[in-house]
Amino acid sequence: MKKTHIPKLDDFLGGGIPEGSSILFSAVPGVECETFGYQILNGIIEDGNRGFIFTNVTEPDNIIYEFKSYGWDLEKYLNEEKAFFVDGSSKFIGVPTIGKYSINELNQTEEIILKAIEDIPNGVGIINNLSTLIDYLDEDHVIKIINKLNKKAKANNTILIYIFTKWDYNPELIENIKNNVDAVVSLNSIEERVIIGQGFMVTNASWNHPDNKMVLFFVLQPGGIKIYIPKLLVTGPYNAGKSSFVKSISNESISVDRIALEKFPTTIAMDIGHVDHDGFIADIFGTPGQERFDLMLDILAREAVGAFIMVDSSAPQTFGRAKEMINKTQAEAIPKIIVANKQDLPGALSPEKIRDAMKLDDTIPIVPTIVIEDNGVDLAMETLLKQLYGD
Amino acid sequence: MINIQSGIPGFDQLTVSELAEGGIPEKSTTLIYGPPKTGKSIFCNQFIYSGLSNQEPCLYVTTDKGINQVQRDMMDFQWLIKNYIQNQTIYFIDGISHLSGGKFETKNNMVSSSVSNPADLMVKVGIGTRNVYKTSNHFRSILDSLNTLFAFNPDQMVIRILKAYLRRITEAGGTGLIAYTEGITDPKTEMELKSLFNNTIRLDGQYIHIKSDYTDFNEVQTFESDYTITDNGIVVNQNNFKNIN
């Protein structure tokens, strides 16, 4: 089994891709698909293996440049002979070919990729792009090629990654292609007249039973593929530490607050932050805690997919208010965790005591934190992610 | 049926019918074709300049020339788009510069792709439409031209890209104008190509021939006139209008 190094994908695939297997990334036109191949190659090489990229869509130089934009050093791997190109592009656009292998005639494609597979036992080969091959060669021929490549790869323990754009092909052809690989990952668009989001889902894997769960993703430069969580909510009573939490958990954040008559600054509109954590990115919204701002709770909470409920562990008198806020933000319906903050204060209750006091069932995790010391903040994030996406 | 101003003097008057006021049907797709050097690109540029002047955003996919060249070509007719680039009313996808080895600096509204990489081109079109759609639910969209796409891809692939592109822009509210030089592909592909569009405009150097398929009304309208290319762009001669219905 080899890890894909794409967040969540390894879990969906039951740990990764078995050696010798083929996997098809099948993308709706407009959805970013090449990065999946590149990120897998980069990860598998980092793990000490070798790999190649077959390209018939862009010259090797551009791919090197693209890797750079993600923060990955393909050039180094090329120099160390851990990676090589099968250049099926340059010749056809009239520039000098680069790479260990180059294709000068279309009918050499199969033979040369077979050679490349042989060169990297236990490695990974990226085929970018299968769709372009289909329109150059005829459909039946391409199916035959896929079969031959997969057979060779199986014998050689090489993983093959096919990048495929689902143009308006005959549905039978698409079905046929899918039936000739070991696993299929569908890359879909979420559209509202324009593409507003992208998601991936394992629709088929011969070695595992995928659960057909789609996750949203974003491609960051640098960074690569990240799971995108559109909105996480941070709510809880006044002075529980929500703003500090948003600030601590975020790479960037902004708070709309002011020093009130009380001596503490208090959030009067919201906190907004952006989190980048272990392959996940999320926008995070913090609500005000004071009752006089309750009219905006509902608005701020709309479309949130998960929630942090912050409490001051040393102030049990505010727990009732915390429960009221769960209700007002309709957070009962979404995955959530209780962040038991201010564990360092005298009289702070332990998570279990808080569970009793708030009469919460066991399904809602309670994470102890001292937010101002950054203590427990990452654990809180990981715990909510687990609630959202499972282990 | 709502038509938008083409920006080409005489064109809107020529295309008046009982179904529409004249101009180019909003949110439709138009293939502009003809022999080389008959003014297809000029027509495209004139069309988007007219939109830009009214603060209508534009998504411009250029595949024959780099962005700088497009800018210079437009300058020849005093259509200055520098400000529209700066204030991001225009969104450029440059599908050729990096193939020709040109250095390209990506900006918010100027991105690079490649005619030889259709999947990437459609990703950029997806991002571009989203960007333009954010500012307006109607915009003008240019693809100039299909020639280079045909040069770098099998014919069927270009048809596939085009279908995906046309669907993407019309769903987002774009009015699309796509240029193509007659005779680049075989007659069969050309037939298929034309069938993908609501309207076709043929320029032959002397005559402009317009065909609009008003599917909703189950009616096809055709118009013809002669035209000249002046220092101010294309002018359709108003004395020789022919509505050939």
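Buried means under 20% relative accessible area, and exposed means over 50%. With those two cut-offs in hand, here are some views of this predicted model.

**View 1. Helix α13 of chain A and its two faces.** Let's begin with the helix that spans residues 351–358 of chain A. Which residues of α13(A) are buried? They are Pro351(A), Ile354(A), Arg355(A) and Met358(A). Around the helix axis these four cover an arc of only 105 degrees, so they sit on the same side of α13(A). As a reminder, an α-helix has 3.6 residues a turn, so residues three or four places apart point the same way. Now look at the face turned away from the buried side: Lys353(A) and Asp356(A) are the exposed residues found there.

**View 2. What the buried side of α13(A) packs against, and how the helix ends.** Four elements of chain A meet the buried residues of α13(A). Two of them are β14 (306–312) and α12 (319–328), joined by β15 (336–341) and β16 (366–368). Follow the chain just past the helix and you reach Lys359(A), where phi is positive, at about 55 degrees.

**View 3. Ala331(A) in its loop.** This alanine lies in the loop that links α12 and β15 of chain A. Is Ala331(A) buried or exposed? Its relative accessibility is 0%, so Ala331(A) counts as buried. Setting aside residues up to four places away in sequence, Ala331(A) touches Ala307(A), Ile309(A), Ile326(A) and Lys336(A). Another residue to pick out is Ala304(A): 27 residues separate it from Ala331(A) in sequence, while their C-alpha atoms are 8.5 Å apart in space.

**View 4. Chain B, its elements and its overall size.** Stepping over to chain B, you will find eight helices and 13 strands. The radius of gyration of chain B is 17 Å, close to the 18 Å that the globule rule gives for 245 residues, so chain B is as compact as a globular protein of that length. Along the principal axes, its C-alpha atoms fill a box of roughly 50 × 40 × 30 Å.

**View 5. Inside and outside chain B.** Of the 245 residues in chain B, 60% are buried. Take the contacts in chain B between residues at least 6 apart in sequence: 65% of these join residues at least 24 apart. The accessible surface of chain B is about 10100 Å², and carbon and sulfur atoms account for 47% of that area. How many charged side chains does chain B have? There are 21 positive and 25 negative ones, with the centres of the two sets 8 Å apart.

Notes: Residues are numbered from 1 along each chain as its sequence is written. Chains are lettered from A and ligands numbered from 1 in the order in which they are written. This is a predicted model: local features need pLDDT of at least 70, side-chain atom pairs count only at pLDDT 80 or more; totals for chains, interfaces and linings use all residues. Side-chain values use heavy atoms; hydrogens and water are left out. The radius of gyration is taken over C-alpha atoms; the globule rule is 2.2 Å times the number of residues to the power 0.38. Buried means under 20% relative accessible area, exposed over 50%, partly exposed in between (1.4 Å probe, protein chains only). Contact means heavy atoms within 4.5 Å. Accessible areas come from the Shrake-Rupley method with a 1.4 Å probe; for residues, only the protein chains shown count as cover. Lys and Arg count as positive and Asp and Glu as negative; His and the chain ends are not counted. The place of a charge is taken as NZ of Lys, CZ of Arg, CG of Asp or CD of Glu. The arc is that of the directions from the helix axis to the C-beta atoms.
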